[in-house]
Amino acid sequence: MHRIRPTPTRRAVMAGGGAVAALALIGCSRGANSLGAASGRLPETRIGGIPTALDAAEHNFKLGDNSGPTPAWLYGEAPFPVYRMRQGESLDVTLTNRLKEHTSVHWHGVRGPNAMDGVPYVTQLPVQPGESFTYRFTPPDAGTYFFHPHCDTAAQLGRGLAGVLIVEDEAASFDDDIVCVLKDWRVAKDGSFLPFVTTQGAGRGGTFGTLRTVNGLVAPQIAVPAGANIRLRVLNVDSTRVSDIGVQGAEVWVIAIDGNPLPPFALDTWRLGPAMRMDVVLRTPKAGGRIALTDFFAAEPIVLATLVAEGASKRDEPFAPTTPAISKRAEPDLANAERHELKLSASAAATNYDVPTSIQLADGRRIDLLDSLCSTAQTLWAIDGKTWPQMGHENLPPPLLSLARGTTARIELTNTTPHVHPMHLHGHSFKVLSANKLKRPEHWADTVLVMPEERVEIAFVADNPGNWMIHCHIVEHQDTGMMGWFRVV
Ligand code: C2O
Ligand code: CU
């Protein structure tokens with residue numbers, strides 16, 4: 001169900017004076033900093049050119065004011081490690097699987113080489129319990145990315161397997177750079193997990209979490225320098241929830257979407273679906289001033305996190321957002337584009353792929369079967385009338401599209417369902433050209449919301465050879481059939 005945000009906009013709320021402080025108080029009463037984390041910030045590590053160990057393992061950690069710990073699956077000891085590197089540096093990360101089922105790491109949004117894309121049976125073999133796999137490549141573009149597994153995703157991401165990758169551009173420098181990871185958890189009051197997939201949720205908008213967090217904390221307060229120019233990177237890594245993100249208490253400019261820089265525009269709110277990211281810049285207030293990161297999607301706005309300004313003001317010149325280096329992605333050649341339509345639909349029956357398709361991995365091995373962790377348990381959704389294979393029919397499906405390298409693909413995503421689908425393509429950034437429901441400026445992205453009954457047109461140059469996934473990022477939709485792949489040869 002998709003609700004329209006009521007008319008009082010962020011600006012109107014701001015004009016209401018004490019509104020920010022009042023909303024921030026709501027944040028406090030909802031248990032701010034109940035984890036006692038000093039800063040509300042995530043642990044960060046510089047990894048450019050440095051071999052880095054990434055362990056996927058179960059760790060108990062306490063969420064909000066739950067009575068007991070949550071048996072989370074994490075990369076490292078705390079949720080959402082942040083990896084930072086500079087553009088041009090190489091990434092060298094060795095995943096070791098200490099879980100009881102296989103896994104892998106997909107670098108969401110990064111236009112990396114196909115063999116490093118982290119999709120079991122499509123770009124690599126799964127990393128079995130006790131095994132390791134090294135991801136080594138140089139991300140071509142600066143931006144805000146995240147990483148996560150790609151099979152049994154509802155459970156693995158649901159339990160907390162996600163991290164942040166930031167590729168910094170030298171040009172843009174700010175007094176502070178803050179990461180805010182939005183994720184809801186499906187937990188009972190005692191901290192135990194509730195089922196990640198429900199038939200009712202999977203067949204509709206997805207099964208929502210019971211506890212909303214930013215950086216693993218309920219309504220955290222994050223200290224920021226006063227009177228400073230700061231960059232805020234907001235990532236929605238939730239499996240289900242579409243938020244309508246606004247920032248109250250400062251003038252805020254959007255400078256990138258899904259890591260792709262764009263000419264700055266003033267933020268009112270931005271509809272941020274699962275897997276989508278938004279970078280904004282703002283000038284913080286004087287010491288004691290507060291800024292609220294707010295979700296306006298529901299009738300009652302919800303403060304997700306509060307930034308509290310501290311110390312002597314750093315700047316007094318007027319604030320003007322700096323224009324980031326604009327994208328170096330190849331411009332689509334629309335006049336000579338190959339046009340395709342991909343219909344997003346409901347489907348109760350799994351497509352029977354009787355002709356086996358095989359994929360050759362970079363190391364020469366051939367793959368033609370999936371295992372049950374990577375196929376769907378139940379089929380509810382389809383792309384172009386075809387579903388991802390269901391358990392028991394585990395042949396790899398044929399590609400939805402095969403594109404000659406260098407071709408501009410112009411794809412119309414047509415949503416025939418009453419639910420929103422954040423559609424994601426691997427290995428490429430695409431330009432969102434038009435949409436007939438939710439108004440957005442033309443922009444580059446790797447995940448785009450296709451609203452109920454909406455048609456969204458995207459275009460990209462198929463310049464990254466390999467086998468690439470295309471799927472809905474409402475993870476229960478992905479895990480129940482709304483997934484396929486395309487080939488660039
Ligand atoms: Cu964020 Cu195919 O994934
Ligand atoms: Cu979907």
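Me: A polar contact is a pair of N or O atoms within 3.5 Å; within protein, one must be able to donate a hydrogen and the other to accept it, and residues adjacent in sequence count only if both atoms are side-chain atoms. What makes a polar contact with the side chain of His102?

Reply: The side chain of Asp371 does, at 2.7 Å, and this value falls within the 3.5 Å limit. The structure is a predicted model, in which local features need pLDDT of at least 70 and side-chain atom pairs count only at pLDDT 80 or more, while totals for chains, interfaces and linings use all residues; side-chain values use heavy atoms, without hydrogens and water. Residues are numbered from 1 along each chain as its sequence is written, with chains lettered from A and ligands numbered from 1 in the order in which they are written.

Me: Is His102 called buried or exposed, and why?

Reply: Its relative accessible area is 5%. Buried means under 20%, exposed over 50% and partly exposed in between, with a 1.4 Å probe and protein chains only, so His102 is buried. It sits in the loop between strand 5 (91-97) and strand 6 (106-108), strands being DSSP runs of E with at least two residues and helices runs of H or I with at least four, numbered from the N terminus.

Me: Which residues does His102 touch beyond four places in sequence?

Reply: Among them are Asn97, Pro126, Cys151, Asp371 and Leu373, contact meaning heavy atoms within 4.5 Å. Glu131 is 29 residues away along the chain, and its C-alpha atom is 8.9 Å from that of His102.

Me: How do you know which residues are the protein donors of the copper ion (ligand 2)?

Reply: Donors are N, O and S atoms within 2.8 Å of the metal (3.2 Å for Na, K and Ca); water is not among the atoms, so sites may look incomplete. His421 (ND1), Cys472 (SG) and His477 (ND1) lie 2.0 to 2.1 Å from the ion and qualify. Their spacing in sequence is H-x50-C-x4-H. Since His421 belongs to strand 27 (residues 421-425) and Cys472 to strand 32 (residues 466-472), the pair ties together parts 51 residues apart in sequence. His421 is buried at 0% relative accessibility, and Cys472 is also buried at 0%.

Me: Which side chains does a polar contact of 2.5 Å join?

Reply: Those of Arg84 and Glu44. The side chain of Arg84 also makes a polar contact with that of Asp177, at 3.1 Å. Arg84 lies in strand 4 (residues 82-86) and counts as buried at 6% relative accessibility.

Me: What makes an empty space a cavity, and what makes it a pocket?

Reply: On a 1 Å grid over the protein atoms alone, a 1.4 Å probe fits in a cavity but cannot get out, whereas a pocket is an open set with protein on both sides within 12 Å along at least five of seven lines; lining residues have an atom within 4 Å of a point. The whole structure holds six cavities of 30 Å³ or more. The largest cavity contains about 130 Å³, and Arg186, Phe196, Thr207, Ser239 and Thr240 are the closest to its centre among its 15 lining residues. Strand 10 contributes the most to that lining, with three residues. The second largest pocket has a volume of about 310 Å³. Its lining has 24 residues, with Asp152, Leu373, Ser375, Thr376 and Asp479 nearest the centre.

Conventions. Points joined across faces, edges and corners; volume = space filled by probe spheres on them.
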